[in-house]
Amino acid sequence: MANTDPIDDIPQTRDRRKELLERDLMEKACALFASKGYGGTSLADIAQAVGLTRAAVYYYFKNKEAVLEAIVNEVTNAPLREIEIWRSTAPEKPADQLRTFVEMRVRGVLSRQVQMRMIEVTEAALPEDLLARHTEAKRRILEEYRQIIRAGIHAGEFKPSDERITAFGIIGMVNWSVYWVNPDGRMDSGEIASQLAEMAVRSVSVDKSRAGMFTDPKTAIATLRDDLEHLSNLIK
């Protein structure tokens, strides 16, 4: 017969309560950092927002810097985990890769809206080691975009472009969604992600309608000249 002694459940109950309170502290601190800035928020402010005394907060975090570190680590590590999952099922065609990657990134940033806004406000105040880890995570996300765009250009699916600038443009569109998307709006995050992903793919895709232009020699020559000028600018 299984042991159902309630005493055996006490450690698990305590651990669960600690986990929930740590989460609540991080969420309240994140909102305060985003609205008041890191320097403008005290540990007492965080304690008051959660309904604890300042002394009680020390049981969960040794100081305000530790709260910030926990938040930043989560925002830094979560997208990298999501990318690894995406890679395991990524489609072969670059256009499909870009579409699914943007969808994944939009859903991710919208699930961390407050944290993303907080990072924007507190990034300059991050300790050097924490800033380095966060910067490396952003670099890895940028590189993933660049690889997809590069593959699309080489495959003839995407227009010739500076892959770095193109990647930054799409990243800006994705990240800016944390400021204008209303969580209680008429569209859910999945619908928004699909629409932004489609916009991203269309912005880089070769215009298939151009095939008809080459039935007119003058238009074909003008189009090729534009393309050659664009390519020459890329290799300068």
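Start by selecting Tyr179: with a relative accessibility of 36%, this residue counts as partly exposed. That label covers the range between buried (under 20% relative accessible area) and exposed (over 50%), using a 1.4 Å probe and protein chains only. Before you click on, know that this is a predicted model, where local features need pLDDT of at least 70, side-chain atom pairs count only at pLDDT 80 or more, and totals for chains, interfaces and linings use all residues. Residues are numbered from 1 along each chain as its sequence is written, and side-chain values use heavy atoms, with hydrogens and water left out.

**Stop 1: Tyr179 and its partner**

Now add Trp176, which is exposed, at 54% relative accessible area. Both residues sit in helix α8 (residues 163-180), three residues apart, about one turn of the helix. Helices here are DSSP runs of H or I with at least four residues, strands are runs of E with at least two, and numbering goes from the N terminus.

Look at the rings. Rings of Phe, Tyr and Trp (its six-membered ring) pair if their centres lie within 6.5 Å; planes under 30 degrees apart are stacked, over 60 edge-to-face, and the rest tilted. A search of the whole structure turns up five such aromatic pairs.

**Stop 2: a buried pair**

Select Phe101 and Tyr145. Their ring centres are 4.8 Å apart and their planes stand at 90°, so this pair is edge-to-face. Phe101 belongs to helix α5 (residues 94-110) and Tyr145 to helix α7 (residues 128-154), so the pair ties together parts that are 44 residues apart in sequence. Are these two buried or exposed? Phe101 is buried, at 0% relative accessible area, and Tyr145 is buried too, at 1%.

How do the rings of Trp176 and Tyr179 sit? Their centres are 4.7 Å apart and their planes are at 35°, so that pair is tilted.

Next, add Trp86 to your selection: ring pairs link Trp86, Phe101 and Tyr145 into a cluster.

**Stop 3: a charge over a ring**

Jump to Tyr38 and Lys64. Lys64 lies over the face of Tyr38, 4.2 Å from the ring centre. To count, NZ of Lys or CZ of Arg must be within 6 Å of the ring centre and within 35 degrees of the ring normal.

**Stop 4: zoom out**

Show the whole protein as a cartoon. You should find ten helices and zero strands. Of the 236 residues, 35% are buried. Contacts (heavy atoms within 4.5 Å) round off the tour: among those between residues at least 6 apart in sequence, 69% join residues at least 24 apart.
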